[in-house]
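Work through the exercises below with the structure open. Each one is followed by a solution in steps.

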Amino acid sequence: MMEVGIMVKSNIKNLTYEELERLLVDKGFPRYRANQIFKWIYKDVEEFEDMNNLPKDIINYLNDNFYIGIARVIDKQQSKDGTIKYLLGLEDNNAVECVLMKYKHGYSICISSQVGCRMNCSFCASTEGGLVRNLRSGEMIEEIMAVERESGIKISNIVIMGIGEPFDNYDEVMKFLRTINHRDGINIGMRHITISTSGLVPAIYKFADENLQCNLAISLHSAKDEIRNKLMPINRKYNIAELMKACDYYIEKTNRRITFEYALIDGINDSKEDAKALSRLLKGKLCHINLIPINPVKGNEYKRSELNSIKEFMKIIKDNGIPVTLRRELGTDIEGACGQLRKSYLNDSVN
Ligand code: SAH
(Lines give C-alpha, C1' and ligand atoms only; values in the text may rest on other atoms or scores of the structure.)
Protein backbone atom coordinates (compact mmCIF):
# COMPACT_ATOMS: atom_id res chain seq x y z
CA MET A 1 0.00 0.00 0.00
CA MET A 2 2.64 2.53 0.99
CA GLU A 3 5.51 3.59 -1.15
CA VAL A 4 8.12 6.17 -0.32
CA GLY A 5 6.05 9.09 0.75
CA ILE A 6 3.07 8.19 -1.44
CA MET A 7 -0.12 7.26 0.32
CA VAL A 8 -2.53 5.13 -1.68
CA LYS A 9 -6.04 5.84 -0.51
CA SER A 10 -8.77 3.30 -1.01
CA ASN A 11 -12.53 3.44 -1.44
CA ILE A 12 -14.13 2.97 1.95
CA LYS A 13 -17.23 1.51 0.28
CA ASN A 14 -15.18 -1.60 -0.55
CA LEU A 15 -15.05 -2.54 3.12
CA THR A 16 -17.67 -4.79 4.66
CA TYR A 17 -19.03 -3.84 8.07
CA GLU A 18 -16.81 -6.45 9.71
CA GLU A 19 -13.71 -5.26 7.85
CA LEU A 20 -14.34 -1.66 8.86
CA GLU A 21 -14.84 -2.68 12.47
CA ARG A 22 -11.68 -4.82 12.57
CA LEU A 23 -9.65 -2.05 11.00
CA LEU A 24 -10.76 0.64 13.45
CA VAL A 25 -10.30 -1.59 16.47
CA ASP A 26 -6.80 -2.48 15.20
CA LYS A 27 -6.01 1.24 14.97
CA GLY A 28 -7.10 1.71 18.57
CA PHE A 29 -10.47 3.38 17.94
CA PRO A 30 -13.59 2.25 19.82
CA ARG A 31 -15.66 -0.39 18.05
CA TYR A 32 -18.87 1.70 17.99
CA ARG A 33 -17.17 4.25 15.73
CA ALA A 34 -17.34 1.70 12.91
CA ASN A 35 -21.09 1.61 13.32
CA GLN A 36 -21.33 5.39 13.11
CA ILE A 37 -19.10 5.57 10.04
CA PHE A 38 -20.92 2.75 8.27
CA LYS A 39 -24.26 4.48 8.84
CA TRP A 40 -22.92 7.77 7.45
CA ILE A 41 -21.48 6.14 4.34
CA TYR A 42 -24.82 4.60 3.43
CA LYS A 43 -26.71 7.79 4.26
CA ASP A 44 -24.64 8.98 1.33
CA VAL A 45 -22.42 11.65 2.86
CA GLU A 46 -19.67 12.55 0.43
CA GLU A 47 -17.02 13.86 2.84
CA PHE A 48 -15.70 12.42 6.09
CA GLU A 49 -15.95 15.95 7.57
CA ASP A 50 -19.73 15.69 7.29
CA MET A 51 -19.81 12.74 9.71
CA ASN A 52 -20.54 15.18 12.49
CA ASN A 53 -20.51 12.83 15.46
CA LEU A 54 -16.89 11.76 14.91
CA PRO A 55 -13.86 13.22 16.68
CA LYS A 56 -11.16 14.94 14.65
CA ASP A 57 -8.59 12.16 15.05
CA ILE A 58 -10.84 9.60 13.32
CA ILE A 59 -11.77 12.04 10.57
CA ASN A 60 -8.06 12.68 9.99
CA TYR A 61 -7.34 8.95 9.94
CA LEU A 62 -10.15 8.38 7.42
CA ASN A 63 -9.03 11.29 5.23
CA ASP A 64 -5.45 10.04 5.21
CA ASN A 65 -6.37 6.50 4.20
CA PHE A 66 -9.71 6.51 2.42
CA TYR A 67 -12.05 8.32 0.11
CA ILE A 68 -15.79 7.88 -0.45
CA GLY A 69 -16.14 6.49 -3.99
CA ILE A 70 -18.84 8.07 -6.12
CA ALA A 71 -19.86 7.03 -9.64
CA ARG A 72 -20.86 9.65 -12.20
CA VAL A 73 -23.85 9.22 -14.49
CA ILE A 74 -22.38 9.78 -17.96
CA ASP A 75 -25.39 8.83 -20.02
CA LYS A 76 -29.02 8.08 -19.39
CA GLN A 77 -31.80 6.75 -21.60
CA GLN A 78 -35.42 6.71 -20.56
CA SER A 79 -37.88 4.32 -22.13
CA LYS A 80 -41.54 5.03 -22.83
CA ASP A 81 -42.43 2.48 -20.15
CA GLY A 82 -40.42 4.38 -17.53
CA THR A 83 -37.39 2.08 -17.50
CA ILE A 84 -34.20 4.11 -17.18
CA LYS A 85 -30.82 2.90 -18.25
CA TYR A 86 -27.74 4.55 -16.78
CA LEU A 87 -24.18 4.49 -17.98
CA LEU A 88 -21.94 5.04 -14.97
CA GLY A 89 -18.38 6.28 -15.19
CA LEU A 90 -15.95 4.62 -12.80
CA GLU A 91 -12.87 6.25 -11.33
CA ASP A 92 -10.51 4.67 -13.88
CA ASN A 93 -12.75 5.93 -16.72
CA ASN A 94 -14.26 2.56 -17.43
CA ALA A 95 -18.03 2.48 -17.70
CA VAL A 96 -20.78 0.05 -16.69
CA GLU A 97 -24.52 -0.03 -17.12
CA CYS A 98 -27.40 -0.46 -14.79
CA VAL A 99 -31.11 -0.37 -15.42
CA LEU A 100 -33.88 0.91 -13.17
CA MET A 101 -37.25 -0.79 -13.67
CA LYS A 102 -40.62 -0.21 -12.08
CA TYR A 103 -42.68 -3.18 -11.01
CA LYS A 104 -45.92 -3.50 -9.08
CA HIS A 105 -44.00 -4.12 -5.86
CA GLY A 106 -41.53 -1.25 -6.26
CA TYR A 107 -38.32 -0.44 -8.05
CA SER A 108 -35.80 -2.99 -9.20
CA ILE A 109 -32.30 -2.37 -10.42
CA CYS A 110 -30.27 -4.58 -12.72
CA ILE A 111 -26.59 -4.09 -11.92
CA SER A 112 -23.31 -5.07 -13.56
CA SER A 113 -20.72 -7.18 -11.77
CA GLN A 114 -17.73 -6.76 -14.11
CA VAL A 115 -16.42 -4.32 -16.71
CA GLY A 116 -16.93 -6.51 -19.76
CA CYS A 117 -17.26 -10.27 -19.58
CA ARG A 118 -15.27 -13.31 -20.65
CA MET A 119 -18.11 -15.80 -21.01
CA ASN A 120 -18.52 -15.06 -24.70
CA CYS A 121 -22.17 -16.03 -25.06
CA SER A 122 -22.92 -15.66 -28.76
CA PHE A 123 -26.18 -13.68 -28.30
CA CYS A 124 -24.90 -11.21 -25.72
CA ALA A 125 -23.81 -7.59 -26.21
CA SER A 126 -21.47 -7.59 -23.20
CA THR A 127 -18.76 -9.81 -24.60
CA GLU A 128 -17.22 -7.37 -27.06
CA GLY A 129 -13.75 -6.50 -25.83
CA GLY A 130 -13.78 -9.37 -23.34
CA LEU A 131 -13.25 -8.87 -19.65
CA VAL A 132 -11.62 -5.57 -18.72
CA ARG A 133 -11.71 -5.99 -14.95
CA ASN A 134 -13.80 -7.06 -12.00
CA LEU A 135 -15.92 -4.51 -10.18
CA ARG A 136 -15.16 -4.01 -6.50
CA SER A 137 -18.00 -4.46 -4.05
CA GLY A 138 -18.06 -0.70 -3.41
CA GLU A 139 -18.54 -0.02 -7.10
CA MET A 140 -21.52 -2.36 -7.23
CA ILE A 141 -22.97 -0.57 -4.20
CA GLU A 142 -22.39 2.72 -5.98
CA GLU A 143 -24.51 1.50 -8.90
CA ILE A 144 -27.43 1.47 -6.49
CA MET A 145 -26.48 4.65 -4.65
CA ALA A 146 -25.79 6.62 -7.84
CA VAL A 147 -29.16 5.68 -9.31
CA GLU A 148 -31.00 6.46 -6.07
CA ARG A 149 -29.17 9.80 -5.87
CA GLU A 150 -29.99 10.67 -9.50
CA SER A 151 -33.59 9.53 -9.53
CA GLY A 152 -34.67 10.21 -5.96
CA ILE A 153 -36.18 6.72 -5.99
CA LYS A 154 -35.74 4.08 -3.28
CA ILE A 155 -34.73 0.77 -4.77
CA SER A 156 -36.19 -2.37 -3.21
CA ASN A 157 -34.97 -5.20 -5.45
CA ILE A 158 -31.65 -6.03 -7.07
CA VAL A 159 -30.85 -8.39 -9.91
CA ILE A 160 -27.21 -9.03 -10.74
CA MET A 161 -27.92 -9.51 -14.43
CA GLY A 162 -26.13 -6.61 -16.03
CA ILE A 163 -22.70 -6.75 -17.63
CA GLY A 164 -20.42 -9.51 -16.38
CA GLU A 165 -20.55 -12.94 -14.80
CA PRO A 166 -21.06 -12.50 -11.04
CA PHE A 167 -19.59 -15.90 -10.20
CA ASP A 168 -16.43 -14.96 -12.12
CA ASN A 169 -16.06 -12.19 -9.52
CA TYR A 170 -17.22 -14.32 -6.63
CA ASP A 171 -15.53 -12.79 -3.58
CA GLU A 172 -16.42 -9.18 -4.39
CA VAL A 173 -20.00 -10.16 -5.18
CA MET A 174 -20.29 -11.91 -1.80
CA LYS A 175 -18.89 -8.81 -0.07
CA PHE A 176 -21.38 -6.70 -1.99
CA LEU A 177 -24.28 -8.92 -0.85
CA ARG A 178 -23.27 -8.75 2.79
CA THR A 179 -22.79 -4.99 2.70
CA ILE A 180 -25.98 -4.10 0.85
CA ASN A 181 -27.92 -6.43 3.16
CA HIS A 182 -26.50 -4.96 6.38
CA ARG A 183 -29.17 -3.50 8.67
CA ASP A 184 -27.11 -0.37 9.39
CA GLY A 185 -26.54 0.31 5.71
CA ILE A 186 -28.83 0.13 2.69
CA ASN A 187 -30.50 -2.95 4.17
CA ILE A 188 -31.96 -4.69 1.14
CA GLY A 189 -33.22 -8.14 2.13
CA MET A 190 -31.46 -11.16 0.62
CA ARG A 191 -34.81 -12.41 -0.64
CA HIS A 192 -35.00 -9.24 -2.73
CA ILE A 193 -31.70 -9.98 -4.47
CA THR A 194 -31.14 -12.33 -7.43
CA ILE A 195 -27.81 -13.49 -8.81
CA SER A 196 -27.79 -14.77 -12.36
CA THR A 197 -25.03 -17.07 -13.59
CA SER A 198 -24.14 -18.60 -16.93
CA GLY A 199 -23.34 -21.80 -15.03
CA LEU A 200 -19.96 -21.73 -13.31
CA VAL A 201 -20.45 -25.07 -11.61
CA PRO A 202 -17.85 -24.89 -8.79
CA ALA A 203 -19.20 -21.48 -7.76
CA ILE A 204 -22.76 -22.83 -7.60
CA TYR A 205 -21.62 -25.42 -5.01
CA LYS A 206 -19.78 -22.75 -3.08
CA PHE A 207 -22.76 -20.41 -3.21
CA ALA A 208 -25.07 -23.18 -1.94
CA ASP A 209 -22.79 -23.53 1.08
CA GLU A 210 -22.92 -19.78 1.86
CA ASN A 211 -26.36 -20.32 3.33
CA LEU A 212 -27.75 -17.03 2.04
CA GLN A 213 -31.43 -16.38 1.35
CA CYS A 214 -30.51 -14.74 -1.95
CA ASN A 215 -32.20 -15.99 -5.16
CA LEU A 216 -30.30 -17.85 -7.85
CA ALA A 217 -31.02 -17.72 -11.58
CA ILE A 218 -29.29 -19.94 -14.12
CA SER A 219 -28.99 -18.87 -17.74
CA LEU A 220 -29.81 -22.12 -19.48
CA HIS A 221 -31.07 -21.19 -22.97
CA SER A 222 -31.05 -24.80 -24.14
CA ALA A 223 -31.52 -28.27 -22.66
CA LYS A 224 -29.29 -29.77 -25.34
CA ASP A 225 -25.50 -29.74 -25.06
CA GLU A 226 -24.91 -29.36 -28.81
CA ILE A 227 -27.01 -26.18 -28.91
CA ARG A 228 -25.85 -24.81 -25.55
CA ASN A 229 -22.21 -25.37 -26.58
CA LYS A 230 -22.78 -22.99 -29.47
CA LEU A 231 -24.68 -20.36 -27.51
CA MET A 232 -22.63 -20.46 -24.33
CA PRO A 233 -19.00 -21.61 -24.52
CA ILE A 234 -19.01 -22.22 -20.74
CA ASN A 235 -21.07 -25.32 -21.53
CA ARG A 236 -17.99 -26.94 -23.07
CA LYS A 237 -16.36 -26.71 -19.66
CA TYR A 238 -19.38 -27.59 -17.51
CA ASN A 239 -22.03 -29.41 -19.48
CA ILE A 240 -25.74 -29.58 -18.76
CA ALA A 241 -25.50 -32.79 -16.69
CA GLU A 242 -22.84 -31.26 -14.44
CA LEU A 243 -24.82 -28.03 -14.21
CA MET A 244 -27.96 -29.94 -13.16
CA LYS A 245 -26.03 -31.83 -10.48
CA ALA A 246 -24.87 -28.52 -9.03
CA CYS A 247 -28.43 -27.14 -9.20
CA ASP A 248 -29.78 -30.22 -7.39
CA TYR A 249 -27.15 -29.72 -4.70
CA TYR A 250 -28.14 -26.06 -4.36
CA ILE A 251 -31.83 -26.93 -4.05
CA GLU A 252 -31.19 -29.70 -1.54
CA LYS A 253 -28.91 -27.51 0.54
CA THR A 254 -31.01 -24.33 0.54
CA ASN A 255 -34.51 -25.55 -0.23
CA ARG A 256 -34.77 -22.54 -2.53
CA ARG A 257 -36.36 -22.41 -5.97
CA ILE A 258 -34.02 -21.81 -8.89
CA THR A 259 -35.06 -19.66 -11.84
CA PHE A 260 -33.92 -20.95 -15.22
CA GLU A 261 -33.59 -18.21 -17.81
CA TYR A 262 -34.35 -19.22 -21.38
CA ALA A 263 -33.97 -16.68 -24.16
CA LEU A 264 -36.03 -17.79 -27.15
CA ILE A 265 -34.18 -17.48 -30.44
CA ASP A 266 -35.98 -18.04 -33.70
CA GLY A 267 -35.03 -21.38 -35.27
CA ILE A 268 -32.26 -22.07 -32.75
CA ASN A 269 -33.79 -23.20 -29.46
CA ASP A 270 -37.53 -22.57 -29.80
CA SER A 271 -38.96 -25.75 -31.38
CA LYS A 272 -41.52 -28.04 -29.75
CA GLU A 273 -38.75 -30.59 -29.42
CA ASP A 274 -36.64 -28.02 -27.53
CA ALA A 275 -39.56 -27.35 -25.18
CA LYS A 276 -39.97 -31.08 -24.56
CA ALA A 277 -36.26 -31.52 -23.87
CA LEU A 278 -36.40 -28.59 -21.44
CA SER A 279 -39.42 -30.08 -19.69
CA ARG A 280 -37.73 -33.48 -19.37
CA LEU A 281 -34.65 -31.82 -17.91
CA LEU A 282 -36.43 -29.72 -15.30
CA LYS A 283 -39.57 -31.71 -14.44
CA GLY A 284 -39.84 -32.35 -10.71
CA LYS A 285 -37.16 -29.81 -9.76
CA LEU A 286 -37.90 -26.95 -7.37
CA CYS A 287 -37.68 -24.38 -10.14
CA HIS A 288 -39.32 -21.83 -12.34
CA ILE A 289 -38.65 -21.08 -16.00
CA ASN A 290 -38.41 -17.51 -17.20
CA LEU A 291 -38.78 -17.22 -20.95
CA ILE A 292 -37.28 -14.14 -22.57
CA PRO A 293 -37.81 -13.21 -26.20
CA ILE A 294 -34.21 -12.56 -27.24
CA ASN A 295 -33.14 -8.96 -27.55
CA PRO A 296 -31.62 -8.51 -30.98
CA VAL A 297 -28.04 -7.26 -30.73
CA LYS A 298 -26.15 -5.52 -33.50
CA GLY A 299 -23.46 -7.80 -34.81
CA ASN A 300 -25.29 -11.12 -34.60
CA GLU A 301 -28.06 -12.67 -36.66
CA TYR A 302 -30.32 -13.94 -33.90
CA LYS A 303 -33.97 -13.13 -34.23
CA ARG A 304 -36.78 -13.16 -31.73
CA SER A 305 -39.09 -16.19 -31.90
CA GLU A 306 -42.51 -15.83 -33.50
CA LEU A 307 -45.31 -15.18 -31.03
CA ASN A 308 -46.89 -18.51 -31.98
CA SER A 309 -43.75 -20.50 -31.23
CA ILE A 310 -43.43 -18.69 -27.90
CA LYS A 311 -47.01 -19.63 -26.99
CA GLU A 312 -46.53 -23.25 -28.03
CA PHE A 313 -43.23 -23.47 -26.19
CA MET A 314 -44.84 -22.12 -23.06
CA LYS A 315 -47.81 -24.47 -23.29
CA ILE A 316 -45.59 -27.56 -23.47
CA ILE A 317 -43.78 -26.48 -20.32
CA LYS A 318 -47.02 -25.70 -18.52
CA ASP A 319 -48.52 -29.06 -19.55
CA ASN A 320 -45.52 -30.67 -17.86
CA GLY A 321 -46.45 -28.92 -14.64
CA ILE A 322 -43.41 -26.62 -14.55
CA PRO A 323 -44.06 -23.01 -13.47
CA VAL A 324 -43.22 -20.70 -16.35
CA THR A 325 -43.47 -16.98 -17.05
CA LEU A 326 -42.72 -14.83 -20.04
CA ARG A 327 -40.54 -11.95 -18.97
CA ARG A 328 -42.32 -8.64 -19.10
CA GLU A 329 -40.43 -6.63 -21.62
CA LEU A 330 -39.09 -3.40 -20.36
CA GLY A 331 -36.96 -0.86 -22.08
CA THR A 332 -36.62 -2.56 -25.47
CA ASP A 333 -36.82 0.85 -27.12
CA ILE A 334 -33.71 1.95 -25.23
CA GLU A 335 -31.45 -0.90 -26.26
CA GLY A 336 -32.81 -2.99 -23.40
CA ALA A 337 -30.35 -5.86 -23.76
CA CYS A 338 -27.59 -5.56 -21.25
CA GLY A 339 -24.33 -4.29 -22.54
CA GLN A 340 -25.67 -2.38 -25.50
CA LEU A 341 -25.33 1.10 -24.08
CA ARG A 342 -21.76 0.44 -23.03
CA LYS A 343 -21.16 -1.17 -26.39
CA SER A 344 -22.32 1.91 -28.31
CA TYR A 345 -20.28 4.08 -25.93
CA LEU A 346 -17.17 1.99 -26.65
CA ASN A 347 -17.81 2.13 -30.39
CA ASP A 348 -18.33 5.89 -30.24
CA SER A 349 -15.05 6.32 -28.42
CA VAL A 350 -13.27 4.15 -30.96
CA ASN A 351 -14.74 5.94 -33.99
N1 SAH B 1 -23.47 -13.59 -16.72
C2 SAH B 1 -24.70 -13.76 -16.01
C3 SAH B 1 -25.46 -12.49 -15.76
C4 SAH B 1 -25.50 -11.44 -16.82
S5 SAH B 1 -26.47 -11.78 -18.24
C6 SAH B 1 -25.56 -14.76 -16.73
O7 SAH B 1 -25.16 -15.24 -17.78
O8 SAH B 1 -26.60 -15.14 -16.21
C9 SAH B 1 -28.12 -11.68 -17.68
C10 SAH B 1 -29.12 -12.46 -18.50
O11 SAH B 1 -29.35 -11.82 -19.77
C12 SAH B 1 -28.64 -13.86 -18.80
O13 SAH B 1 -29.72 -14.77 -18.67
C14 SAH B 1 -28.23 -13.73 -20.26
O15 SAH B 1 -28.18 -14.98 -20.87
C16 SAH B 1 -29.28 -12.80 -20.79
N17 SAH B 1 -28.98 -12.15 -22.05
C18 SAH B 1 -27.81 -11.73 -22.52
N19 SAH B 1 -27.93 -11.20 -23.76
C20 SAH B 1 -29.24 -11.29 -24.07
C21 SAH B 1 -30.01 -10.92 -25.21
N22 SAH B 1 -29.44 -10.37 -26.27
N23 SAH B 1 -31.33 -11.16 -25.16
C24 SAH B 1 -31.91 -11.72 -24.09
N25 SAH B 1 -31.25 -12.10 -22.99
C26 SAH B 1 -29.92 -11.89 -22.99
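**Exercise 1.** How many salt bridges does the rule find across the interface of domain 1 and domain 2?

*Solution.* The model is a predicted one. Begin with the bounds: domain 1 covers 10-67 and domain 2 covers 92-345. Next, apply the rule, which asks for a side-chain nitrogen of Lys or Arg within 4 Å of a carboxyl oxygen of Asp or Glu. Across the interface of domain 1 and domain 2 it finds four salt bridges. For a worked case of the rule, take K175 and E19, whose side chains are 3.3 Å apart, N to O. This distance is within the 4 Å cut-off, so the pair counts as a salt bridge.

**Exercise 2.** Describe the contact between the two domains by residues, area and polar pairs.

*Solution.* Start with the separation: the C-alpha centres of domain 1 and domain 2 are 34 Å apart. The contact draws 14 residues from domain 1 and 14 residues from domain 2. Together the two domains bury about 1,200 Å², with 57% of it on carbon and sulfur atoms. On the domain 1 side, K13, N14 and Y42 provide 45% of the area buried against domain 2, more than any other three residues. Finally, count the polar contacts: seven residue pairs between domain 1 and domain 2, both residues at pLDDT 80 or more.

**Exercise 3.** Which residues come nearest to the ligand, and which polar atoms face it at short range?

*Solution.* First list the surroundings: 17 residues lie around the ligand, and G164, S196, S219, H221 and N295 come nearest. Then sort the shell by type, which gives seven nonpolar, eight polar and two charged residues. Now take the distances. An N or O atom in the side chain of H221 is 2.6 Å from a ligand oxygen. Backbone polar atoms also take part: that of G164 is 3.0 Å from a ligand nitrogen, and that of T197 is 3.4 Å from a ligand oxygen. Last, consider the cover: of the 530 Å² of accessible area that the ligand has on its own, the protein covers 94%.

Terms used: Residues are numbered from 1 along each chain as its sequence is written. This is a predicted model: local features need pLDDT of at least 70, side-chain atom pairs count only at pLDDT 80 or more; totals for chains, interfaces and linings use all residues. Side-chain values use heavy atoms; hydrogens and water are left out. A polar contact is a pair of N or O atoms within 3.5 Å; within protein, one must be able to donate a hydrogen and the other to accept it, and residues adjacent in sequence count only if both atoms are side-chain atoms. Accessible areas come from the Shrake-Rupley method with a 1.4 Å probe; for residues, only the protein chains shown count as cover. Ala, Val, Leu, Ile, Met, Phe, Trp, Tyr, Cys and Pro count as nonpolar, Asp, Glu, Lys and Arg as charged, and the others, Gly among them, as polar. Domain bounds come from an automatic or database domain assignment. Contact means heavy atoms within 4.5 Å. Buried area is the accessible area (1.4 Å probe) that two parts lose on being put together, summed over both.
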